[in-house]
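Hi,

Here's the structure I promised to pass on. Have a look at it first, and my notes follow underneath.

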Amino acid sequence: MAPKIIGQTIYSFPNQTVTFTIIELQEVVLINGEKIKNTHRYWVPAGDNLANAENYVEPLTNPEENLDADYQLYRQQFNLLMPQEIRQAREALGLSRATTALLLKLSETQFAAIEDDDLLQTRKQDAKLRLLKNPQELRTSVTRYQKTIERQATRYQVDLSDLTRLLSSNALS
Amino acid sequence: MNPDPPITKIIQRIEHDYAQQHLSLYLHKKSTDFLRSRGLRARTVLRLTVRQLPNSHDYRGPSLHHWLTEFTVYEFIENILDGDLNGDMYVKFDLSHTTSQLESIHPREKPLNNTWTRY
């Protein structure tokens, strides 16, 4: 699809002012292996070929504008949990990030990145994260695999006191 | 003519600019297509690349920016093992006297040759 010219803007670099043409075009992009169709806005240095995607620069005033729009659409399209929902669900269960990551079979770094909105979860990861919103199912899973979880906790030096507290209380009932 | 500053000075400069929030993003579509494919945010990747920079990697530069005349370019091949950003990454920083910017981040595409220097 040919880019649509939206206008021009002037951006100041040190000792150099550059005019950019602002374009908009609809693109099909891949996010975590899934195709998403969305409208993107790019800046192209004035005079450069607008048909050549190698000249496309993310808007300098908000370089994450297109990524934000795509991730929002991806979340809506696949009904993914929002980072704050994940955090709230975890905190409501009184679980640390380390324990939660262990229970959900995610790395702690990965879980933290998802919860901090640094990383968009895949659909497969979202299915795991949804356990946090279903305490009964989580408890059933934890009870079933308790020995394995304890072994892994020892191996990765994760303190499971929050889990013990959780399982022995009525928090999940 | 002044000799080129050693690469450690350049890395310190990039780290300093990042800490002072003087390191901006000038990302081409190619880089964001890569980020998107992994569900990554640009700010996250910027943090990771700057954090990894002092470790031993390969670099090339300085070279002149092809049209931003105040900027010199330093390219790095960073070996990043961070789960979501795993492997050899091509990272390009542009430095002016007062600011710097990340211009490229994507997986390495070509094998390293003798234009690269290990540090």
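Where in chain A is Asn32(A) found? Asn32(A) sits in the loop between strand 2 (16-31) and strand 3 (34-45) of chain A; helices (H or I, at least four residues) and strands (E, at least two) are DSSP runs, numbered from the N terminus. Asn32(A) isn't a glycine, yet has a positive phi of about 45°. Most residues other than glycine have a negative phi, and most peptide bonds are trans. On the second count, look at chain B: the peptide bond from Gly61(B) to Pro62(B) is cis, with omega near 5°, and Pro62(B) belongs to strand 2 (residues 58-64) of chain B.

Some ground rules: this is a predicted model, where local features need pLDDT of at least 70, side-chain atom pairs count only at pLDDT 80 or more, and totals for chains, interfaces and linings use all residues. Residues are numbered from 1 along each chain as its sequence is written, chains are lettered from A and ligands numbered from 1 in the order written, and side-chain values use heavy atoms, leaving out hydrogens and water.

Now the helices. Helix 1 (residues 65-77) of chain A and helix 2 of chain B pack at about 25°, with axes 11 Å apart (axes are lines fitted to C-alpha atoms, for helices over the stretch in contact, and angles run from 0 to 180 degrees between N-to-C directions). The two, helix 1 of chain A and helix 2 of chain B, are therefore roughly parallel (angles under 35 degrees count as such, over 145 as roughly antiparallel, 65 to 115 as roughly perpendicular and the rest as oblique).

Lastly, an automatic or database assignment gives chain A domain 1 (4-61) and domain 2 (83-163), whose C-alpha centres lie 39 Å apart.

Cheers
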